[in-house]
Amino acid sequence: MKVTIDPRSPVAPYEQLRAQIAGQARAGTLPVGHRLPTVRALAGELGLAPNTVAKAYRVLEADGVVETRGRNGTFVAAAGDAAAREAAAAAQAYAQRVHRLGLDRGAALAAVEDALRAAYP
């Protein structure tokens, strides 16, 4: 696993770590079942506080990217399909909601594009 943290970035270190691990898991660079370093080991390697790494791992677990198996460690989960299903469900819920609100297709797409621009700078 190759991760670099840019201390000058406006993006919080835990978010940099989360995004890189999630991206590597999606790309297959970190295969399903790959054991991640312990929180302390990765924190030491990256020069981060253990709580920063723990926060990234918690968010990754909540997103279904990794799974914690107690004292056995943290492993890459089979998240690709789960992420796609969750995204499709969120998109469906959004489409139904904006339709009920009376927005036309153009306004609904514009709102999504604005949200995506904010989330993906």
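Visitor: How are α1 and α3 oriented to each other: parallel, perpendicular or oblique?
Guide: In this predicted model, helix α1 (residues 13-27) and helix α3 (residues 50-62) pack at an angle of about 45 degrees. The two helices are therefore oblique to each other, since an angle that is neither under 35, nor over 145, nor from 65 to 115 degrees counts as oblique.

Visitor: And how far apart are their axes?
Guide: The axes of α1 and α3 lie 8 Å apart.

Visitor: Is that crossing left-handed or right-handed?
Guide: The crossing of α1 and α3 is right-handed. On the α1 side, the contact is made by Pro13, Tyr14, Leu17, Arg18, Ile21 and Ala22. On the α3 side, Thr52, Val53, Lys55, Ala56, Tyr57, Val59 and Leu60 take part.

Visitor: What is the make-up of that contact by class?
Guide: The contact of α1 with α3 comprises ten nonpolar residues, one polar residue and two charged residues.

Visitor: Arginine 18 caught my eye. Buried or exposed?
Guide: Arginine 18, in helix α1, has a relative accessibility of 18% and therefore counts as buried, because the cut-off for buried is under 20%.

Visitor: Which residues does arginine 18 touch?
Guide: Leaving aside residues up to four places away in sequence, arginine 18 touches Ala56, Val59, Leu60 and Asp63.

Visitor: Now glutamine 16. Where is it, and is it buried or exposed?
Guide: Glutamine 16 is also placed in helix α1. Its relative accessibility is 10%, so glutamine 16 counts as buried.

Visitor: What does glutamine 16 touch?
Guide: With residues up to four places away in sequence not counted, glutamine 16 touches Thr4, Ile5, Asp6, Ser9 and Val11.

Visitor: Changing topic: at what angle do α2 and α3 cross?
Guide: The axes of α2 and α3 cross at roughly 120 degrees and come within 8 Å. These helices are therefore oblique to each other, and α2 passes α3 in a right-handed crossing.

Visitor: Which residues meet there?
Guide: Val39, Arg40, Leu42 and Ala43 of α2 meet Pro50, Val53, Ala54 and Tyr57 of α3. By class, that contact has seven nonpolar residues, no polar residues and one charged residue.

Visitor: Last point, confidence. What is the mean pLDDT of the chain?
Guide: The protein chain has a mean pLDDT of 91, and 95% of its residues reach 70 or more.

Visitor: Which elements have the lowest and highest mean pLDDT?
Guide: Helix α4 (residues 79-101) has the lowest mean pLDDT among the elements of the chain, at 81. Helix α2 (residues 39-46) has the highest, at 96.

Definitions and conventions
Residues are numbered from 1 along each chain as its sequence is written. This is a predicted model: local features need pLDDT of at least 70, side-chain atom pairs count only at pLDDT 80 or more; totals for chains, interfaces and linings use all residues. Side-chain values use heavy atoms; hydrogens and water are left out. Axes are lines fitted to C-alpha atoms, for helices over the stretch in contact, and angles run from 0 to 180 degrees between N-to-C directions. Helices (H or I, at least four residues) and strands (E, at least two) are DSSP runs, numbered from the N terminus. A crossing is left-handed if the near helix is turned anticlockwise from the far one by less than a right angle, and right-handed if clockwise. Contact means heavy atoms within 4.5 Å. Ala, Val, Leu, Ile, Met, Phe, Trp, Tyr, Cys and Pro count as nonpolar, Asp, Glu, Lys and Arg as charged, and the others, Gly among them, as polar. pLDDT is the predictor's confidence in each residue, from 0 to 100. Buried means under 20% relative accessible area, exposed over 50%, partly exposed in between (1.4 Å probe, protein chains only).
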